[in-house]
Amino acid sequence: MPFDFSHTPDRSQTNSLKWSKYPPSVLPLWVADMDFPAPPAVNEALARAVAHGVHGYEFPSRRLREVVATRMERLYGWKVSPSWVIATPGIIAGFNAAAWAVCRPGQGILTQPPVYPPFLSLHKNIGGLAHQDAPLREVAEGENLLRYEIDFDHFEFMFDTDAPTRLFLLCNPHNPTGRAFSREELLKMAETCLAHNTLIVSDEIHSELTLPPHRHTPIASLSPEIAARSITLIAPSKSFNVAGLFTGFAIIPDKDLRESFLKAAERLCMHVPSLGLTAAEAAFSGECDEWLADLLTYLAANRDFVTEYARANLPGIRVTHPEATYLSWLDCRALNLAPDPYQFFLKKARVALSNGADFGEGGQGFVRLNFGCPRGTLEDALDRMKQALAEAG
Ligand SMILES: Cc1ncc(COP(=O)(O)O)c(C=O)c1O
């Protein structure tokens, strides 16, 4: 019996960021959390911990680190030692600690915009670092579809431009474009990094939201040499909808790099919440895999619905057909919506999307739509957007 994702608890009376930022008349399809309850096994594990009643400090246990390592081997054939696994209070904390651990003033951090906004400000958090951009290339597919590719000439050109590129912050799968990069693409990027002595920090928070038939490949799984120059960041937060518990993992095969990361994590006071560890162990244990398979089926159908709805009802808007994530990326540039598409849909359609301009180069004139919600909510939001466009003439 598949899980039912069509009915969800009312979040409007909770302290949810997604549901409390805008007035109640606005439908929120912005920040990346889903409206579905976490899988039963996660909620049961949390309920047991709450019933115990004592919530003191915790370490990530050996068992939890084994659960993470076993999952990497089972899902991707990547052999991970539990000793490489470090718990972090989320992924942003993880890439900040990585940058603190390895970057020195005068060096550069490379990203691929349009990309998740905290990637674009990482260099500022450390200070004295250069930000380097190798934008993804837009490829039109038919009338209204958009796909993104790596422009390898530009990617290679950007290394060591204004400063030695110390860290490449990869987003795989990529938010907001929904690309699940292929082995060939990953290998080519990794070889360039190795040639420039650049460390790869790979944010793989959306990895388990890769929609069949696409498959996720951890970049570090490609070879021991790449693994030795990589920090892989994973978390149950997106796929099992437990983002508010702020728990993720850094997988760092190289011992010296691991020790530098641990020192930075200590300096940054990166403590992990005990309930987050509880949820992560249940999420990654395998007990939630059926739930996840049903979720992916539901999300793929929502993704197809957005693509088809846009083709039939939102003329002038091009959309991605994401290979992973629950995020569609809508190119509204041809419509010249004033003052920008984010404000237009917020004011005229009462739909809150994410503003593409926040995602850096190539994001202006775009909005990001979160389809991790019941189909009815999605349909309502798209109908409101269609109506607002019709009224704007
Ligand atoms: C690519 C990416 N990385 C990191 C995060 C946030 O991770 P955390 O809340 O664990 O810091 C998000 C959230 O949307 C994301 O999309």
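The following dialogue considers how backbone, sheet and ligand features are read in this predicted model.

Visitor: Which peptide bonds call for attention, and where do Pro 114 and Pro 339 lie?

Guide: The general idea is that most peptide bonds are trans. In this model, a cis peptide bond with omega of about 0° joins Pro 113 and Pro 114. Pro 114 is placed in the loop between β3 (108-111) and α5 (118-126). Another cis peptide bond links Ala 338 and Pro 339, with omega of about -5°. Pro 339 belongs to the loop between β12 (327-331) and α12 (341-349).

Visitor: How is the sign of phi to be read, and what is the phi of Asn 197 and of Asn 241?

Guide: A negative phi is found in most residues other than glycine. Asn 197, which is not a glycine, has a positive phi of about 60°. For Asn 241, phi is near 55°, again a positive value in a residue other than glycine. Asn 197 is located in the loop between α7 (183-195) and β8 (199-203), whereas Asn 241 lies in the loop between β9 (230-234) and β10 (248-251).

Visitor: Is Asn 197 buried or exposed, and why? Is Asn 241 buried or exposed, and why?

Guide: The reasoning rests on C-beta neighbours within 10 Å: 20 or more count as buried, 12 or fewer as exposed. Asn 197 counts as exposed because it has 12 C-beta neighbours inside 10 Å. Asn 241 counts as buried because it has 21 such neighbours inside 10 Å.

Visitor: What is the strand order of the open sheet of six strands?

Guide: The order is β5-β6-β11-β12-β15-β14, and the pairing is mixed. Because β5 (137-141) and β14 (354-355), at the edges, each have a single partner strand, one side of each is left without a neighbour in the sheet. β5 pairs with β6 (residues 145-149) in the antiparallel sense, over five bridges. Across this pair, Glu 138 stands opposite Tyr 148 in β6.

Visitor: Which strands does helix α11 touch?

Guide: Helix α11 (residues 289-313) packs on the sheet and touches β11 (318-320), β12 and β15 (366-370). The direction of α11 makes about 165° with that of β11.

Visitor: Turning to the ligand, which residues come nearest, and how does the shell divide by residue character?

Guide: There are 13 residues around the ligand, of which Ala 32, Gly 90, Ile 91, Ile 92 and Tyr 116 come nearest. The shell divides into eight nonpolar residues, four polar and one charged.

How values were computed:
Residues are numbered from 1 along each chain as its sequence is written. This is a predicted model: local features need pLDDT of at least 70, side-chain atom pairs count only at pLDDT 80 or more; totals for chains, interfaces and linings use all residues. A residue is near a molecule or strand if its C-beta atom, placed from the backbone, lies within 6 Å of it. Ala, Val, Leu, Ile, Met, Phe, Trp, Tyr, Cys and Pro count as nonpolar, Asp, Glu, Lys and Arg as charged, and the others, Gly among them, as polar. Helices (H or I, at least four residues) and strands (E, at least two) are DSSP runs, numbered from the N terminus. Two strands pair if DSSP finds at least two bridges between them. Two residues are in contact if their C-beta atoms, placed from the backbone, lie within 7 Å. Axes are lines fitted to C-alpha atoms, for helices over the stretch in contact, and angles run from 0 to 180 degrees between N-to-C directions.
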